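Ready to practise reading a protein model? Grab a pencil and work through the exercises below, trying each task before you peek at the solution.

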Amino acid sequence: MAVEIVQDRRRGRIDYRFCSPLHMLVVHERGVRHDGCTVIEGLPKSTLQDCSRKLVFVPAGHTYHDWHEPRTLSRVVFFYFNPVQLATNPLGGSQSPLSPRIFFEDNATLQTALKLATLIEGGDSDHRQYLEALGVVLAHELVRINTATHRAEAQPRGGLAAWQRRKAVAYIEEHLAEPISLEALARMVGLSACYFCRAFRQSLGMPPQRYQLSQRIERAKTLLAKRAASVTDVGLTVGYNDTSAFCTAFRRLTGLTPSAYRRHFS
């Protein structure tokens, strides 16, 4: 294992790029960005602004690019692992291929990584054995997370597990008028974005984005029937800043304009 500790000392755009035969774990100890984007090959991009205490895992051979314009000066720790050392599952059984993960949270992994960084910065050679032990623990944590994710993905063959479906649907209902990323929903139920999208469609008959749209229109129907708000206000309530876009979406799903729906059903 090799480690790099990077601390920003100036403001301005900063780019990180990586593609290597090594695995890389990125630990964002602190950092909030005005603007930026993080991309790992095989995953949707993320524009998360507050990256503090978030983790990123880039498997060997995957392309990684992160750029940001910092709001606060960031501190990031990069850990590099030899894939051969992680080829065998230390927890027993066969090792599943390590999957890319972007801005996830795992307190055990985070705390182990931060302990390692603190010891390395101290430069005390008396702690060498402890450093090596922590390195082994960190490798175990990565395998544990990967194994748990693959098991979760293997279970719901017919779609999402009941608890995953409830959690995802509840979140969509609570944030109906807001943009919701596929990545955020998948992370919430412990699945990769690609698998989550397929499982959600199996469970609810449509992709997450279309489900959110359908629920927006259902909410709009209820509000229109009450006649307490204008069509424009109803559109704003369910997430449409443009009345024309709201009317187009409503008509596409119901066959009627919002005004016509109100006349017929209120």
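The exercises start with the whole chain and then turn to cores, ring pairs and single residues.

**Exercise 1: Get an overview**

Task: Find out how many helices and strands the protein chain has, and what percentage of its residues is buried.

Solution:
- Step 1. Keep in mind that you're looking at a predicted model.
- Step 2. Count the elements: the protein chain has 9 helices and 8 strands.
- Step 3. Check the extent: the C-alpha trace spans about 80 × 45 × 25 Å along its principal axes.
- Step 4. Turn to burial: of the 266 residues in the protein chain, 44% are buried.
- Step 5. Look at the surface too: the chain exposes about 14100 Å², and 51% of that comes from carbon and sulfur atoms.
- Step 6. Now the contacts: among those with a separation of 6 or more, 75% are between residues 24 or more positions apart.
- Step 7. Finish with charge: there are 34 positive and 24 negative charges, and their mean positions lie 10 Å apart.

**Exercise 2: Explore the cores**

Task: Work out which residues touch the most other members of the largest nonpolar core.

Solution:
- Step 1. This core has 22 residues, and the ones touching the most other members are Leu25, Val27, Phe79, Phe81 and Leu138.
- Step 2. Ask where the members come from: β3 (23-30), β5 (54-58), β7 (75-81), α1 (107-122) and α2 (128-154) each give two or more residues to this core.
- Step 3. Zoom in on one member. Leaving out residues up to four places away in sequence, Phe79 touches Met1, Ala2, Val3, His23, Met24, Leu25, Val27, Ala113, Leu116 and Leu138.
- Step 4. Don't stop at one core: apart from it there's another, with 18 residues, including Ala168, Leu176, Leu191 and Tyr211.
- Step 5. Here's some background: nonpolar side chains tend to be buried together in soluble globular proteins.

**Exercise 3: Pair up the rings**

Task: Find how the rings of Phe18 and Tyr80 are arranged, and say why their pairing ties together parts that are 62 residues apart in sequence.

Solution:
- Step 1. Searching the whole structure turns up 7 aromatic pairs.
- Step 2. Phe18 and Tyr80 make a tilted pair, with 5.9 Å centre to centre and 35° between the planes.
- Step 3. Place both rings: Phe18 sits in strand β2 (residues 14-18) and Tyr80 in strand β7, so the pair ties together parts 62 residues apart in sequence.
- Step 4. Check burial: both Phe18 and Tyr80 are buried.
- Step 5. Take another tilted pair, Tyr240 and Phe246: 5.6 Å centre to centre and 45° between the planes. Both Tyr240 and Phe246 are buried.
- Step 6. Follow the ring pairs onward and you get a cluster of Tyr240, Phe246, Phe250 and Tyr261.

**Exercise 4: Buried or exposed?**

Task: Decide whether Glu183 and Thr112 are buried or exposed, and list what each one contacts beyond its neighbours within four places in sequence.

Solution:
- Step 1. Glu183 is found in helix α4 (residues 182-188).
- Step 2. The relative accessible area of Glu183 is 11%, and buried means under 20%, so Glu183 is buried.
- Step 3. Setting aside neighbours within four places in sequence, Glu183 contacts Pro44, Lys45, Ser46 and Ile102.
- Step 4. Thr112 belongs to helix α1. With a relative accessible area of 9%, Thr112 is buried.
- Step 5. With neighbours within four places set aside again, Thr112 contacts Leu134, Val137 and Leu138.

**Exercise 5: Check the backbone**

Task: Compare where Arg53 and Phe103 lie, given that each has a positive phi although it is not a glycine.

Solution:
- Step 1. The phi of Arg53 is about 60°, and that of Phe103 is about 50°.
- Step 2. Arg53 lies in the loop between β4 (33-40) and β5, while Phe103 is in strand β8 (residues 101-104).
- Step 3. Arg53 counts as partly exposed at 41% relative accessibility, whereas Phe103 is buried at 1%.

**Exercise 6: Follow one buried ring**

Task: Describe the surroundings of Phe196.

Solution:
- Step 1. Phe196 lies in helix α5 (residues 193-204).
- Step 2. At 0% relative accessibility, Phe196 counts as buried.
- Step 3. Not counting residues up to four places away in sequence, Phe196 touches Leu160, Ala168, Leu182, Leu185, Ala186, Val189, Leu191 and Pro208.

Conventions. Residues numbered from 1 in each chain as written. Predicted model: local features only at pLDDT ≥ 70, side-chain atom pairs only at ≥ 80, totals over all residues. Heavy atoms only, no water. Core = buried A, V, L, I, M, F, W, Y, C linked by side-chain atoms within 4.5 Å. Buried < 20%, exposed > 50% of the residue type's maximum accessible area, 1.4 Å probe, protein only. Helix = DSSP H or I, 4+ residues; strand = E, 2+ residues; numbered from the N terminus. Contact = heavy atoms within 4.5 Å. Areas by Shrake-Rupley, 256 points an atom, 1.4 Å probe, with all protein chains shown as cover. Lys, Arg positive; Asp, Glu negative; His and termini not counted. Charge placed at Lys NZ, Arg CZ, Asp CG, Glu CD. Phe/Tyr/Trp six-rings, centres within 6.5 Å; stacked < 30°, edge-to-face > 60°.
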